[in-house]
Protein chains: 2
Amino acid sequence: MSRIDRILASAEQHCREQGARMTPRRRQVMNLLLAQAGPQSAYQLLDQFKDRYQSNAQPPTIYRALDFLVQQGLAHRLSSTNQYLACDHITCRHGHKGTVFLLCDECGGVQETPLAGAAVSELEQTLDTLGFEIQQEPLLEVHGRCANCAL
Amino acid sequence: MSRIDRILASAEQHCREQGARMTPRRRQVMNLLLAQAGPQSAYQLLDQFKDRYQSNAQPPTIYRALDFLVQQGLAHRLSSTNQYLACDHITCRHGHKGTVFLLCDECGGVQETPLAGAAVSELEQTLDTLGFEIQQEPLLEVHGRCANCAL
DNA sequence: GAAGGTTATGTTATAACATAACAGATAAGG
DNA sequence: CCTTATCTGTTATGTTATAACATAACCTTC
């Protein structure tokens with residue numbers, strides 16, 4: 001069983017537990033996300049989807065599947081680059097309170113790390129003080145140059 | 001001297017110090033940003049720009065000015081909503097290391113607060129450990145419901 | 001103050017990203 | 001089954017952003 005199959009199985013179980021349906025289309029898109037190391041745009045995914053699964057597929061097919069996957073926490077949307085990637089922490093089940101993405105502007109790579117402890121509690125306190133009710137897990141997208149490209 | 005004029009003057013001084021040119025076009029766009037409480041899309045700004053300054057203006061005019069203002073730290077781009085707003089902290093000169101935006105999905109309003117102490121140092125440590133060189137001030141865009149709309 | 005580099009703007013066109021709307025199919029619960 | 005929800009297909013269009021090239025303004029330095 002490949003790495004991808006393992007993650008897919010884990011994702012399906014997650015959906016079952018949530019009463020959400022991991023349909024073939026959604027699994028196909030998830031599979032495409034998992035097949036790539038880096039983040040991809042919706043239209044890149046669409047091209048691959050057409051190559052691989054359905055040659056006349058249209059944008060809504062991809063966007064719907066992506067919306068679903070993001071909602072389920074199986075994928076992330078990077079709004080600063082309009083890209084999508086599989087969540088790096090699907091198999092480990094820690095519910096994180098926030099995620100930091102280090103986006104290398106040179107090679108396009110991403111490193112994903114959970115938002116650390118004090119940052120989370122500070123944020124929660126700010127929200128509390130201001131009476132702001134959070135509705136989505138916050139994502140911090142940090143742009144720069146990764147260690148490899150800085151050499 | 002109005003609030004806007006004071007901020008514009010402050011912005012101009014900032015540019016002089018940086019050796020950057022605050023041209024008429026850029027000042028006009030800055031003025032439009034300052035005239036609104038909330039964040040605005042580039043095309044909303046374009047419409048206002050056409051109304052007010054140049055009826056045949058094209059998108060690049062706005063985008064170039066916005067890019068400049070963002071680079072100078074005079075404005076922010078909210079990538080999760082594709083909107084722009086004037087920086088709330090132009091007149092006070094604390095160089096912040098990051099900014100948190102609380103975006104109300106109901107009323108569209110924004111609250112801007114500096115990223116707090118421990119969060120910053122944790123982030124810096126993460127970057128240090130991974131050898132990642134940051135290139136832009138990080139913005140955290142948190143979606144939810146503001147105190148007012150939660151009533 | 002003219003020459004030549006650099007930066008900013010004007011202008012046309014188009015690329016890239018995303019969703020509305022409605023019809024038809026498929027799944028899940030009674 | 002039959003109904004209701006949800007999901008998918010399809011067409012069309014809306015929204016956001018930039019490429020590319022021409023022109024203008026600005027800024028040195030000779």
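**Contacts with the DNA strands**

Visitor: What makes the pairing of Y43(B) with a base nitrogen of DNA strand D a polar contact?

Guide: In this predicted model, a polar side-chain atom of Y43(B) lies 2.7 Å from a base nitrogen of DNA strand D. The cut-off for such a pair of N or O atoms is 3.5 Å, and 2.7 Å falls within it, so the pair counts as a polar contact.

Visitor: How do you know that N56(B) makes a polar contact with DNA strand C?

Guide: A polar side-chain atom of N56(B) is 3.3 Å from a phosphate oxygen of DNA strand C, and since 3.3 Å is within 3.5 Å, this pair also qualifies. On DNA strand C, a phosphate oxygen is also 2.8 Å from a polar side-chain atom of R25(B), whereas a base nitrogen is 2.7 Å from an N or O atom in the side chain of Y43(A).

Visitor: Which elements supply at least two residues each to the surface near DNA strand D?

Guide: They are α2 (24-35) and α4 (59-71) of chain A, together with α4 (59-71) of chain B, and α4(B) contributes the most, with 4 residues.

Visitor: Why is R25(A) called near DNA strand D, and why does it count as charged?

Guide: R25(A) is among the closest of the 19 residues that surround DNA strand D, and it is called near because a heavy atom of it lies within 4 Å of the strand. Arg belongs to the charged class, so R25(A) is one of the 7 charged residues of this surface, beside 6 nonpolar and 6 polar ones.

Key. Residues numbered from 1 in each chain as written. Chains lettered and ligands numbered in written order. Predicted model: local features only at pLDDT ≥ 70, side-chain atom pairs only at ≥ 80, totals over all residues. Heavy atoms only, no water. Polar contact = N/O pair within 3.5 Å; in protein donor to acceptor, adjacent residues only side chain to side chain.
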